[in-house]
Amino acid sequence: KQGAIDLYGRYVVRPIYDSISPFSEGRSAVIDGQGFKVIDDLGHPLTPKPYGYIGSYREGRAVFAERGEDGPSMYGYLDLQGKEAIPARFSEANDFAGGKAVVRTKDGEYALIDPDGTTLASYPYAFVGNPGDGLLAFRKEADGKYGYMDEKGNVVIPPRFTGALPFEDGYAIVDTGEDDKSRYGLIGKTGAFVIR
């Protein structure tokens, strides 16, 4: 069983859980025989029921999953009190960054939402990646190339990559390899290669 201790070796959380994740924003996702739950930094349980999955907190929200009635899991977000801030209505959900998160609302459609679940923009694409420096990698078709768009959905760098990671500090790693062979490079926000 797992628990948590403070810097002096004293128990903060007794070892009663099957798993305990690192604390983030004063909260930890733990697993017991019932499922995933959230505890605070004193070990007090916060969630009123167990879930199929709970991620780490980012900007006051943690992704959670509930099993669908007749199908796959659906995802939503918990607040810092362990309550459902955004109900489980997405088929995919990513962590918040800069007050926004990318979710998949249905096959072939993604959205950018705020911490209340309000849709800021919708994207009719097979894939949309996490925001980075105001740009999002996207793929029009499931077997198509990747490009980058701004948060409003305007294409900034047309699709021409076989792989595309989020921008960070003005640069992104992309793959131009074909036939299961990778060839990575680094591009700037205009799409020009800095390192090929």
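User: Before we look at the surface, what makes a nonpolar patch here, and which residues form one?

Analyst: Happy to start there: a patch is made of residues with over 30% relative accessible area and no salt bridge, and nonpolar side chains are joined within 5 Å. This is a predicted model. In it, a nonpolar patch on the surface has about 310 Å² of accessible area together, and its members are Leu165, Ile173 and Tyr184.

User: Is Tyr184 buried or exposed, and where does Tyr184 lie?

Analyst: Exposed means over 50% relative accessible area. Tyr184 has 54% relative accessibility, so Tyr184 counts as exposed. As for its place, Tyr184 is found in strand S20, residues 184-188.

User: Thanks! Turning to charges, how many salt bridges does the structure hold?

Analyst: Side chains of opposite charge can pair when their charged atoms come close. One such pair is Asp6 with Arg10, whose closest N and O atoms are 2.9 Å apart. Another is Arg104 with Asp107, at 3.8 Å from N to O. The number of salt bridges in the structure is nine.

User: What parts of the chain does the salt bridge of Glu66 and Lys49 tie together, and how far apart are they in sequence?

Analyst: The side chains of Glu66 and Lys49 meet at 2.5 Å, N to O. Glu66 belongs to strand S7 (residues 62-67), while Lys49 sits in the loop between strand S5 (35-40) and strand S6 (53-54), so the bridge ties together parts that are 17 residues apart in sequence.

User: Which residues are linked in a network of salt bridges?

Analyst: Two of the members are the pair we just met, Glu66 and Lys49, which form a salt bridge. Glu66 is partly exposed at a relative accessible area of 25%, and Lys49 is partly exposed at 35%. The full network is Lys49, Glu66 and Glu84.

User: Is Asp107 buried or exposed?

Analyst: Asp107 shares a salt bridge with Arg104. The cut-off for exposed is over 50% relative accessible area. Asp107 has 66% relative accessibility, so Asp107 counts as exposed.

User: What is the order of the open sheet of three strands, and which strands lie at its edges?

Analyst: The open sheet has antiparallel pairing and runs in the order S3-S4-S5. S3 pairs with strand S4 (residues 27-32) over two bridges, and Ser19 stands opposite Ile31 in S4. An edge strand pairs on one side only, and here the edges are strand S3 (19-20) and S5.

User: How many residues lie between S8 and S9 in their hairpin?

Analyst: Strand S8 (residues 73-78) is joined to S7 by six antiparallel bridges, with Val63 opposite Tyr77 in S8. S8 is also joined to strand S9 (residues 84-90) by three bridges, again antiparallel, and Tyr75 stands opposite Phe90 in S9. In the turn, Gly82 has a positive phi of about 85°. The number of residues between S8 and S9 is five.

User: Last one: which residues does Asp95 touch, not counting residues up to four places away in sequence?

Analyst: Asp95 is located in the loop between strand S10 (92-93) and strand S11 (101-106), and at 37% relative accessibility Asp95 counts as partly exposed. Asp95 and Arg14 are 28 Å apart in space, C-alpha to C-alpha, and 81 residues apart in sequence. Beyond those up to four places away, the residues touched by Asp95 are Ser56, Arg58, Val63, Lys100 and Ala101.

Notes
Residues are numbered from 1 along each chain as its sequence is written. This is a predicted model: local features need pLDDT of at least 70, side-chain atom pairs count only at pLDDT 80 or more; totals for chains, interfaces and linings use all residues. Side-chain values use heavy atoms; hydrogens and water are left out. A salt bridge is a side-chain nitrogen of Lys or Arg within 4 Å of a carboxyl oxygen of Asp or Glu. Helices (H or I, at least four residues) and strands (E, at least two) are DSSP runs, numbered from the N terminus. Buried means under 20% relative accessible area, exposed over 50%, partly exposed in between (1.4 Å probe, protein chains only). Patches are made of residues with over 30% relative accessible area and no salt bridge: like charges are joined within 9 Å, nonpolar side chains (Val, Leu, Ile, Met, Phe, Trp, Tyr) within 5 Å. Accessible areas come from the Shrake-Rupley method with a 1.4 Å probe; for residues, only the protein chains shown count as cover. Contact means heavy atoms within 4.5 Å. Two strands pair if DSSP finds at least two bridges between them.
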